[in-house]
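Here are a few exercises to work through with the model open beside you. Try each task before reading its solution.

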Amino acid sequence: MLNITAKSRLGKHLRQLQYMWQRPKEYGTTIDSTRASQEARQREIMARGLPKRKRIKDVKQILLVASGKGGVGKSTTAVNLATALKIVEPGKSIGLLDADVFGPSVPLMMNIHESPMVNQENLMEPLVNYGVKCMSMGFLIGEASPVVWRGLMVMSALDKLINQVAWGPLDYLIIDTPPGTGDTHLSLVQNLFIAGALLVTTPQKVALEVTRRGANMFKKLDIPVAGIVENMSTVTCPKCMTEISLFGNATLSLAKELGVDILQRIPMLESIAESSDSGKPIVLAAPKSRQAEIYKGLAKDVVTFLSRQEINTE
C-alpha cells in the first residue's frame, strides 16, 4: 500500500514537471527574472567592498602586459615595447613598471642598477634609461636578495610602486605583470583605470590554455584586450634560413575564439635573449634588424589600440 502511494505521489510530481516543460515561456520568465535579480543584488553587494578606482596623477593611459604562464617572454616583450614606443613616438613620454615583486626583470633588461631618489614631496623618482621612466622592486632590494613575503606585504609594496612614485607626466605607462591571474592583477584592475591588456603567449598548447584563462579574467573585469603577441613562434634553420613553425596554428584558433588579433609573431632568436641579458633591448641593440622592426610594428599596433581608449586628462 505504501509503495502504491509513493508511486502515485511520484507520478503527480512528474506530471507537474512535464507541465512546466510544456509551458517554458511562462515559467522560464519567472526563473530568469528571479535569477537576474539575484545576480544584480550580488553585484551590488560585491561592489560595496571594492576599492574605488583612482587615476595616477599625470598618467594618461595604462597598458598591462600579461601572460597566464611564466617563461613565455612577457618581460622581454614589455621592455622592447616600451623602448619601441619611445622610438615610434619620440614626442611621447613612456613609463615602465615592473609589477613582478618576486621576480623583477626590468633592472637587468634596462641596465639600471641604482636606487631611486626621493623628492621633496616624499615620492620616489623613477630611474630613466633609453628615454623610458622605470620603477621596479629590483631597485629597492639587493640583486641577490629574495622577496619572501606574504600577500598583504606584496600588495603594500605594489601600492608604493604605483602611488608613491613621481610618474608624471606620462602618455603611456606599460606594466609588466607577473604570471598567473592572482592578487597583483586584481589589485591593479580594481584600483586603477586600465586602458587595456596585451596578452603574450607561445604557440604551445599548455601556454595557450593558461592564456585563455587570463583573457577570460580580463573579460570578466571589463578590461579590453589589445591583442595577442605570439612569442617564440618560429625558429630559423641556420643552413637554409627557412623559418620553421614549432607548434602549428593553435594561437590563431584562440585569437578567433577571443575575437582579437594576433598583433605580431616574434621568432625565437638568440639575439633577442642576448640583448635582454646585456641590458640593451633589441630595438636599440640592432635597430635595423627584422626583430627590431617587429617590435616597432607592435608599438604602432598598441598606439592604434590606445587611440581608441579613454585618456586621463586629470
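## Exercises on charged and polar side chains

At 45% relative accessibility, Glu293 counts as partly exposed. Keep in mind that this is a predicted model.

**Exercise 1.** Find the salt-bridge partner of Glu293 and say where the two residues sit.

*Solution.*
- Step 1: Look for a nitrogen of Lys or Arg within 4 Å of a carboxyl oxygen. Lys296 fits, with its closest N and O atoms 3.5 Å from those of Glu293.
- Step 2: Place the pair. Both residues belong to helix α11 (residues 290-306), and because they are 3 residues apart, about one helical turn separates them.
- Step 3: Check exposure. Lys296 has a relative accessibility of 14%, so it falls under the 20% limit and counts as buried.

**Exercise 2.** Which parts of the chain does the salt bridge between Asp176 and Lys74 tie together?

*Solution.*
- Step 1: Confirm the bridge: the N to O distance between the two side chains is 2.8 Å.
- Step 2: Assign the elements. Asp176 is in strand β5 (residues 170-176) and Lys74 is in helix α3 (residues 74-88), so the bridge joins parts 102 residues apart in sequence.
- Step 3: Look at the surroundings: Asp176 and Lys74 are both buried.

**Exercise 3.** Starting from Arg212, work out which residues form one network of salt bridges.

*Solution.*
- Step 1: Begin with Glu257, whose side chain forms a salt bridge with that of Arg212 at 2.9 Å, N to O.
- Step 2: Locate both ends. Arg212 lies in helix α7 (residues 205-220) and Glu257 in helix α8 (residues 250-258), which puts distant parts of the chain, 45 residues apart, in touch.
- Step 3: Note that Glu257 is partly exposed, at 49% relative accessible area.
- Step 4: Follow the shared partners: Glu209, Arg212 and Glu257 make up one network. In total, the structure holds 7 salt bridges.

**Exercise 4.** Is Ser136 buried or exposed, and what does its side chain touch?

*Solution.*
- Step 1: Find Ser136 in strand β4 (residues 132-136).
- Step 2: Read its relative accessible area, which is 0%, so Ser136 is buried.
- Step 3: Search for polar partners. The side chains of Ser136 and Asp98 make a polar contact at 3.2 Å.
- Step 4: Widen the search beyond neighbours within four places in sequence: Ser136 is also in contact with residues including Pro104, Val106 and Leu161.

**Exercise 5.** Over which ring does the charged end of Arg55 sit?

*Solution.*
- Step 1: Identify the ring: the charged end of Arg55 sits over Phe193.
- Step 2: Read the distance to the ring centre, 4.0 Å, which lies within the 6 Å limit.

Notes:
Residues are numbered from 1 along each chain as its sequence is written. This is a predicted model: local features need pLDDT of at least 70, side-chain atom pairs count only at pLDDT 80 or more; totals for chains, interfaces and linings use all residues. Side-chain values use heavy atoms; hydrogens and water are left out. A charge sits over a ring if NZ of Lys or CZ of Arg is within 6 Å of the ring centre and within 35 degrees of the ring normal. Helices (H or I, at least four residues) and strands (E, at least two) are DSSP runs, numbered from the N terminus. Buried means under 20% relative accessible area, exposed over 50%, partly exposed in between (1.4 Å probe, protein chains only). A polar contact is a pair of N or O atoms within 3.5 Å; within protein, one must be able to donate a hydrogen and the other to accept it, and residues adjacent in sequence count only if both atoms are side-chain atoms. Contact means heavy atoms within 4.5 Å.
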